[in-house]
Structures are given as structure tokens and as C-alpha cells.
Amino acid sequence: MSEPATTLYEKYFQGQLAPADTAALKRLLREDDRARAEFAESALEWSLIATVAAEVAAFRREMGTPGAGPQPDDEKAGESRAPRFRTGARPLPAYPLPRPRAAWAWWVTGLAAAVLIAIGLALHVAELRPVSETTAHLAQLEELNGDVVIVARAGERAGRAGANLARGETVRARGPLSAAVLAYPDGTRLELAAGAEITVADGTAAEPGARPLRTRTAGKCLVLRRGRLIASVARQPAGRPMLVATPHAEIKVLGTRFSIDVAPEATEVETREGRVEVTNRKTARSAVVEAGYAARVGTDTLVLKARTGTGQTGERVKDGLVLLYRFREGRGAVVRDDSGYGAPLNLAIQDPDAVYWIPGGGLGVRSPTMIRSSSRPVKIVEACRLSNAITIEAWLKPAHPDQPLDRPAQSPPARIVAVSADIGNADFLLGQEATAYVCRLRTTGTSVGGQPALVTHDDIVRTELTHVAFTRTAAGRVALYVNGAEVSRGQIDQPDPRTKTRGFSESRLVRGTFANWRPEYPLLLANEASGDRPWLGELFLVAIYNRALTEPELLRHYEAGAGTPAARTQARRP
């Protein structure tokens with residue numbers, strides 16, 4: 001509790017507030033949720049003190065205790081209220097006997113009075129607060145990773161999952177490996193990248209210490225001062241749009257998916273789904289940004305961009321793409337990287353007789369072999385280390401619904417795609433284990449082999465064209481998708497050496513960073529580096545992103561298909 005605020009509270013309860021102090025206290029209670037809570041605590045304390053003092057004074061008066069003050073009428077009043085009774089020859093006292101009152105009764109009385117005061121205060125404050133400050137509009141820090149703090153008027157505190165955010169509080173994702181997710185009760189989610197800073201604000205008032213807002217709202221309002229934000233906004237009530245303000249722009253949202261990047265010189269807004277209205281805070285120029293388009297807002301400028309290079313290419317998303325195999329070579333023993341990102345990471349097929357090329361695009365693996373990168377996957381490791389996020393995506397057709405074949409009980413999965421040294425050391429792997437898909441991801445919070453692994457439900461694998469994807473956000477949330485739908489069952493650990501059983505958790509969170517990834521591990525398709533975890537089937541596309549693709553983006557990829565004549569048949573959703 002800050003000293004100036006404490007002084008104001010004490011003066012108020014002592015009846016010593018000057019008119020200027022009264023205005024200052026009203027302003028403080030109107031603008032600061034934490035101050036309101038502190039004031040309510042003080043009200044409880046002062047009410048208890050006042051109640052107990054009154055009870056003690058009343059008790060002293062009844063007992064005639066010295067120091068209780070002159071009571072000229074007490075005895076007369078007592079005589080009139082208490083008739084004399086006789087028990088034998090001795091009369092009862094002429095003054096009324098004090099009614100016994102246990103100590104707890106004073107505290108109960110005081111507490112009841114204090115609760116009434118607090119309730120009245122809350123109701124009074126609720127009447128004064130604008131709609132945007134009601135509980136339904138306050139956010140919660142749902143997930144975090146790395147160094148994340150919450151800054152309020154009372155000071156700074158460490159962020160923690162589940163922490164509620166009051167109006168005026170700021171979340172900072174400090175450091176290069178930090179990230180956070182803010183969530184609202186209506187399902188709206190805001191993902192903050194490393195270095196981002198965002199404040200839960202009042203949409204009906206000007207931002208303190210900055211240019212006044214041109215757009216006002218009784219709905220959600222946030223101020224993004226720096227960094228990257230990816231938002232998924234639920235449909236907002238009519239007349240109460242969500243507003244995000246940056247130093248350069250105001251973004252009005254009714255319900256959509258979009259991203260914002262704030263740099264010192266400009267703000268970039270890209271709409272991925274739906275539409276947003278962007279306004280330059282200085283010039284008041286506005287523009288509607290449709291899905292697939294972007295706007296760059298400088299101090300005096302607002303420029304629209306159609307289908308930016310970081311947005312979409314055809315039907316597939318290119319933002320964050322670091323690796324892409326489309327298997328369109330048609331012959332030979334090399335699979336080429338078509339991502340266009342960094343130096344190409346081409347693959348060499350160890351045994352060309354074990355595979356067959358599919359006309360129009362695709363590679364079939366008919367017998368165990370190894371498809372291995374000819375150079376180290378440094379570009380993947382470095383890109384994902386920077387973001388602490390990843391998407392592993394594949395269009396495939398398993399040859400068998402239960403792989404690996406002839407596997408011992410509890411064996412590791414058949415490898416579909418991996419960056420791995422052997423069966424016990426991997427940066428990541430996407431595989432097939434029996435009739436389920438599984439993904440292991442190495443972080444500073446998991447084992448060197450990526451345990452525990454995220455698995456789908458059993459009986460998901462079909463010997464038909466299938467779109468499979470694994471995603472991990474910078475905040476640690478993981479998910480497995482099959483044909484555009486999430487099918488994650490939970491995380492399963494490696495077998496206990498003594499009981500041979502495996503621990504299971506429904507958690508969808510993998511904490512830690514990618515700081516312990518090993519760039520010397522090769523990238524592999526259809527097998528492990530040791531050659532003993534083969535996967536058989538057909539591959540039509542493999543892609544890796546250094547960010548978590550959103551569910552709508554993955555659904556778009558599924559609906560677009562594998563993009564080859566041999567894979568035109570639509571895969572069924574689970």
C-alpha cells in the first residue's frame with residue numbers, strides 16, 4: 001500500500017479530508033482497482049476498531065467504570081427500567097446489571113458492519129465505473145514462459161499462470177525467450193511474443209500520459225506499446241468493439257484473427273480472418289483491413305498492403321515457414337527444400353530402390369530406408385530457438401494402420417519426420433505409434449529425447465490420405481491435429497523400468513525453451529538415424545514453421561489439400 005494513499009485513507013476515516021484531498025481520493029478510487037481493494041481493507045479495519053471502541057464505552061457506562069464519562073441519567077433510567085425484586089430480605093441493585101457479552105460478539109458485530117460497508121463501497125464503485133471496467137472485461141494471464149512480469153501502480157510482481165489482470169496493469173514479456181497468453185472469459189486470446197508490453201486499459205478515457213484515444217469503447221481495451229501480438233478475438237457485443245491502441249494506431253475489432261507488430265517507427269497490422277478497422281492516431285485517417293491484407297501505420301501515414309510476402313502464398317501460409325518438401329522431383333535420390341528460407345536443406349535417399357516417386361508430387365516408402373539431410377539443420381534450430389515455437393506438418397498416407405511393424409511392447413514410434421541423433425536423443429520427432437500419432441519435443445523442461453510425448457487418441461491412423469500437424473506456442477501450449485481438427489489426448493511418459501507402465505497426463509503444456517536443441521542432429525524422414533524405427537507409406541508434403549500455426553490456418557491447409565494430382569481425394573475429418 002503506497003504511503004500517499006494510506007494517508008488519504010486515514011484522513012478520510014478520521015474525518016480530516018480537505019476538499020482537495022477528497023477530490024484526490026475520488027479520482028484514485030475511480031481509476032485504480034488496487035486502490036479500491038486497499039480502501040476496502042482499510043474500511044474493514046477502521047470499522048472493527050470503531051465497533052470495538054463503541055462496545056467498550058457502552059460496557060463501561062453500564063458498569064459505571066471511571067473514565068466512561070458522566071452519566072447523570074443512567075441510574076434514574078435504570079430505576080425506571082428495572083423494578084426491584086426481593087430474594088429474602090436483600091434487594092437487587094437499583095441500576096441495571098450489565099448483560100454479559102462474549103468477546104467474540106464484538107468481533108462478529110464489527111465484522112458484520114465492515115462487510116456492509118465493503119458491500120456498499122463495492123456497489124458505489126460499480127455505479128461509478130464504466131462498463132469497460134466490469135469483471136467480464138478483465139483479462140487473465142493464462143500461460144507464460146520465461147521472464148514475464150505484471151506491473152501495477154503498487155509495483156512489479158512476477159507473472160504466474162492464472163493471475164487476474166485489473167485495469168491499468170501491464171504485462172511485460174521480458175527477455176528474448178519470454179512469451180505470454182492473455183485470455184478473456186468470452187474466449188478471446190492474445191499471444192504476446194518476446195519483448196512485448198501490453199496494458200489493460202479503459203476504453204472510455206484517454207490513455208494516461210499519451211495522445212487521447214480517437215476511438216472510445218465500452219468493451220475491451222488494450223494498449224500495446226511494443227512487440228508482437230497475435231490475437232484471436234471472439235465475436236464482441238454490438239456497440240462494444242474491442243480496441244487495441246499502439247503509439248501509432250488504433251485497431252477496432254468485432255471478432256477476428258489478426259497480428260500486430262509495434263516498432264519505434266511504425267505499427268504493422270495483418271488480418272488473417274475477418275476484418276479490422278485501423279486508424280492513424282495523429283491524422284485520424286482510417287482504413288478497413290480485410291483478411292489476407294495488412295496495413296502499415298507510421299506517425300503520419302497509413303498504407304494498405306495486399307497479400308504481403310509474410311502472409312499467404314496461394315492457399316498456404318508462408319509466415320514463419322523455414323522448411324518445405326513437396327516431393328515433385330519425380331526421380332533420383334534427392335528431395336529438395338522448396339521453402340526459399342535460408343540455405344536449402346536437401347535430403348539424400350539412402351536406398352533409392354526402397355522408394356518410388358509419385359507422378360505430380362509424392363514419395364512412397366515401400367521398405368525400410370533412411371532419408372537424411374545432407375547438411376546440418378542449423379536454420380531450423382536457430383529459427384525455432386528465437387521463437388520457442390514450432391509447427392511440424394505433413395500430408396501422408398500410412399502403409400499400415402499399426403506401425404512400427406514387428407515392434408516390441410512399449411517401443412518408440414516409427415519416425416515420420418525428426419531432427420534426431422538416435423532413439424534417445426532428439427530435438428523433435430513426429431511419428432506413428434501403433435494406431436496413434438505422437439510428437440516428442442525437447443525443451444529445457446523435458447528429457448533429451450522429448451519425453452513426455454504428446455499423443456492422439458488411439459485408432460486415429462487410417463491407411464488413407466491424412467493431414468497431420470503438431471504445434472507448440474511460445475507460451476508452451478502443444479496440440480496435435482488430424483485433418484484440421486485437434487485430436488490431442490494428453491502426454492505420455494517413457495516406461496518405468498520396474499513396472500513397465502507409462503505415466504499419463506491430460507496436460508497440453510510443455511514448459512521450457514529450445515535453448516538445449518542440438519544443431520548437429522540430422523533431419524530425417526521415415527526412419528531414425530540408427531535405422532531401427534522405419535515408417536512405411538507415402539509422403540506428399542512436409543513443412544516446418546518457427547511459429548505455431550493457428551487452428552484456422554491449419555484448417556485452411558487441410559481444405560486446400562496436399563496440392564498434387566495424386567492426392568486430390570479429400571481426407572476425412574476425425
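Biologist: What makes β14 and strand β15 (residues 286-290) a pair, and in which sense do they run?

Modeller: Two strands pair if DSSP finds at least two bridges between them. β14 and β15 have five bridges, in the antiparallel sense, so they satisfy the definition of a pair. Strands themselves are DSSP runs of E with at least two residues, helices are runs of H or I with at least four, and both are numbered from the N terminus. This is a predicted model, in which local features need pLDDT of at least 70, side-chain atom pairs count only at pLDDT 80 or more, and totals for chains, interfaces and linings use all residues. Residues are numbered from 1 along each chain as its sequence is written, and side-chain values use heavy atoms, with hydrogens and water left out.

Biologist: Which residue of β15 is the bridge partner of arginine 275?

Modeller: The partner is glutamate 290. Between β14 and β15, which form a hairpin, lie five residues; alanine 284 in this turn has a positive phi of about 70°.

Biologist: How do you know that strand β11 (residues 249-253) and strand β14 (residues 275-280) are joined?

Modeller: Five bridges join β11 to β14, and the two run antiparallel. Alanine 249 has asparagine 280 of β14 as its bridge partner.

Biologist: Why is arginine 331 called exposed?

Modeller: Exposed means over 50% relative accessible area, buried under 20%, and partly exposed in between (1.4 Å probe, protein chains only). Arginine 331 has a relative accessible area of 70%, and is therefore exposed. Arginine 331 is located in the loop between β20 (321-325) and β21 (334-335).

Biologist: Which residues of helix α6 (residues 378-387) are buried?

Modeller: They are Lys379, Ile380, Val381, Ala383 and Cys384.
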